[in-house]
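Q: I would like to learn how to read a structure like this one. Where should I begin?

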Amino acid sequence: MTLPRGLYIPALVALALLVLPIVGLISRVRWETLGSDLFSAEALTALWLSVSTGAVATVICLVIGVPLAVIIARSSIRTASVLRTIVLIPLVLPPLVGGLALISLLGRSGLVGQPLYEATGFSLPYTTAAVVVAQTFVSMPFLVITLEGAIRTSGVSHEQIAATLGAGRWRVLTRVTLPLILPGLVAGTVLCFARAIGEFGATALFAGNSEGVTRTMPLAIYTAFNGVGVSQDSAVALSLLLLVCAVVIVGGMRSWREDAVR
Amino acid sequence: MNARARGLDAHVVVHRADVTVDVELSVAAGGRLAVLGHNGAGKSTLLHAIAGLLPLEGGAVRLNDVVLEHAGAHRVLPHHRRIGLLDQKARLFPHLSVVRNIAFGPRSQGRTRGESMSLAQEWLERIGLAHRASARPHELSGGQQQRVAIARAFAAEPEVLLLDEPLASLDAESAPGVRRMLVDELARTGTTSILVTHDLADAWQLADDCIVLSDGAVVDSGAPDQLATAPQHPFTAALAGFAVVRGVWHEGTAHVNDQQAFTGSQVSVSSGEAVATGRAGRPGDSVPVGLLSVGHQNLVGTPDARLADGDAAIAVIAPANVMVSAVTGEWRATLTEVSSRGGRVRLDDASGLAAELSIEDARSLTGGRLPASGDTVWFTPAPEHLRVLPVRETSPMVPVRVITD
């Protein structure tokens, strides 16, 4: 069916709005110094911090998010709806508000942070651990929602057959349920990691911006444009790196899903 | 529930999707039961409850005299019941190779990996798919997938195998082979089985006994032959190829003043009265009559103690026992469907009445051509073969008076 021509103009505007800023970014890259910009000590520190905290946050999301996703997917419609709403909150919350919420809970005078500080002298904010907590908070919904949809879609028929063949609950979960939703699990994990390494707002407020401790790539890019830390050229180079990561992730997910379908 | 040393005894009460299933059944060890019924009758729900996939709301399930479930009190989980389930879709685990699918059951029950794999390999040889051991399920045809699913179910060595329309999604080419395999394996292993099906032909081959469910309750039961020849429920009758006509039952007395046979065409129902205008029996006799009225036409039956005036009722008759004429008869039929199979032609009327005759007779009926939809012919059901069955829903009572001219 031929589409109305009037659709093409706004669609082109939308596409331009998505693509042109990327073109602008690429145009600012100084290709001749790209290597040295990327491999400057500050840039490498930020890169390593982002990747390591992002990886830890992703592992935490997997350990506690997969069970949550399974439970939501197998709950009654009403319970699932309530739980899904709760999970979605960090996704739609402005990240700065998320950071404020984390401080209110885990800060030195926070709901949990204060007794913890008084008992042990440990304060979470402005530590690398705080970066991980902030990243986990904002990226968990990506994993849980992706996975929950996949589990719900896969249904219970295979699980029921497995049970009648003699498989206990854990065996059904680990040998049937999770392998069946492997494409969803991979997609959710990748999205979760991507969101974690790109996290800025909650980290800035809850973990601060201390080089080598909490200054992840997004914070390093932001700081560079305030004239501190890495050079602006390094910031553009790091941005390019994040962009390449995003393209690889999106492309990789597509080909994985197509493989999974085959 | 009958106490039985070996075999399955179940009284299943489960409410599901607007149907309350309340069924008692008993299958001796090694016995084969078929459960027939229309869509939504509760057949699959019954199987799921027996397998432990749905908790009972009432009743109990007992296998070899061990209580597997007593509603609200005791419940053995599905993986400890030794009750297998084979679905109409193969539902092979797509992430496992064919051989690992079959090994899944033995492995889950604690056999070593080596034992499970060699058992699976034996099964693959038995079903002629040893060369596809490492294939993924999606690389097999539908028939091959179902064979693997059957092997997987048997490899788990269930005491009871529940078969939920296992041939329904197979094409005509692969279904007979899979059916044969099921028959052979059930006989060889002596596994107790319960088959859910829409097809009486499946029941013939895969069951010794049948129950028919409607709205969650058993409405008919017996051996497959018995259901095929003397169905007690319209669904069973339709399954067995009987013509099924729904109408309202009227009873009364016809006073006979001639020796002419009494036929339905001589009776009409008007303003709630059955009026017999013909003559029956010997002069002076009073003949009790029963009529199934459908619109302005009637089928003549014999009075039935289960039926009262005004009851909704159903007449069933094998189409081969309905005579057809182009010029006269008891029932004026406007054909809605003409289908031929195996040298016979079946003519269906909008009311549900049907007749069956040879192709030659069908051609001579309509001047050399085969009858077609829209043609009008006359049906005359053989009264001795017409059976009238009550239905649950009764229509309001209609006072009926039968008079003669």
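A: Begin with burial: a residue counts as buried under 20% relative accessible area, as exposed over 50%, and as partly exposed in between. B:Asp87 has a relative accessible area of 16%, so B:Asp87 is buried. Keep in mind that this is a predicted model.

Q: Which residue does B:Asp87 meet in a salt bridge?

A: The partner is B:Arg91, with 2.6 Å from N to O between the two side chains. B:Arg91 has a relative accessible area of 22% and is therefore partly exposed.

Q: How do I read a salt bridge between parts of a chain that are far apart in sequence?

A: Look up the element that holds each partner, then the accessibility of each. In chain B, the side chains of B:Glu157 and B:Arg111 form a salt bridge at 3.4 Å, N to O. This pair links distant parts of the chain, 46 residues apart: B:Glu157 is in the loop between helix 4 (142–155) and strand 8 (160–164), and B:Arg111 is in the loop between helix 2 (98–108) and helix 3 (113–126). B:Glu157 is partly exposed at 40%, and B:Arg111 is partly exposed at 29%.

Q: Are B:Arg179 and B:Asp202 buried or exposed?

A: B:Arg179 counts as buried, with 15% relative accessibility, and B:Asp202 is buried as well, at 7%. They form a salt bridge in which the closest N and O atoms are 2.7 Å apart. B:Arg179 lies in helix 5 (residues 175–189) and B:Asp202 in helix 6 (residues 200–206) of chain B, so by position the pair links distant parts of the chain, 23 residues apart.

Q: Which residues do salt bridges with shared partners join into one network?

A: That network is made of A:Arg30, A:Glu32 and A:Asp233. Over all chains, the rule gives a count of 17 salt bridges.

Q: How do I read a chain as a whole?

A: Take the secondary structure, the burial, the contacts and the surface in turn. Chain B has 9 helices and 23 strands. Half of its residues, 50% of 405, count as buried. Of the contacts in chain B between residues at least 6 apart in sequence, 68% join residues at least 24 apart. The chain exposes about 17,500 Å², and carbon and sulfur atoms supply 49% of that area.

Q: How do I read the surroundings of a single buried residue?

A: Place the residue in its element, check its accessibility, then list its contacts. A:Thr216 is in the loop between helix 11 (201–207) and helix 12 (217–224) of chain A. At 0% relative accessibility, A:Thr216 counts as buried. Beyond neighbours within four places in sequence, A:Thr216 is in contact with A:Ala46, A:Leu49, A:Ser50, A:Thr53, A:Val131, A:Gln135 and A:Glu199.

Q: How much area do chain A and chain B bury between them?

A: About 1,900 Å², with 66% of it on carbon and sulfur atoms. On the side of chain A, A:Ile161, A:Thr164 and A:Leu165 lose the most area to chain B, together 34% of what that side buries. The contact involves 18 residues of chain A and 23 residues of chain B.

Q: What polar pairing does the rule find across this interface?

A: There are 4 residue pairs in polar contact and 0 salt bridges. On the side of chain A that touches chain B, helix 8 (157–164) and helix 9 (169–180) are the elements that give two or more residues. Helix 8 supplies the largest share, 7 residues. By class, that side has 8 nonpolar, 6 polar and 4 charged residues.

Terms used: Residues numbered from 1 in each chain as written. Chains lettered and ligands numbered in written order. Predicted model: local features only at pLDDT ≥ 70, side-chain atom pairs only at ≥ 80, totals over all residues. Heavy atoms only, no water. Helix = DSSP H or I, 4+ residues; strand = E, 2+ residues; numbered from the N terminus. Buried < 20%, exposed > 50% of the residue type's maximum accessible area, 1.4 Å probe, protein only. Contact = heavy atoms within 4.5 Å. Areas by Shrake-Rupley, 256 points an atom, 1.4 Å probe, with all protein chains shown as cover. Buried area = accessible area lost by both parts, 1.4 Å probe. Salt bridge = Lys/Arg side-chain N within 4 Å of Asp/Glu carboxyl O. Polar contact = N/O pair within 3.5 Å; in protein donor to acceptor, adjacent residues only side chain to side chain. Nonpolar A, V, L, I, M, F, W, Y, C, P; charged D, E, K, R; others polar.
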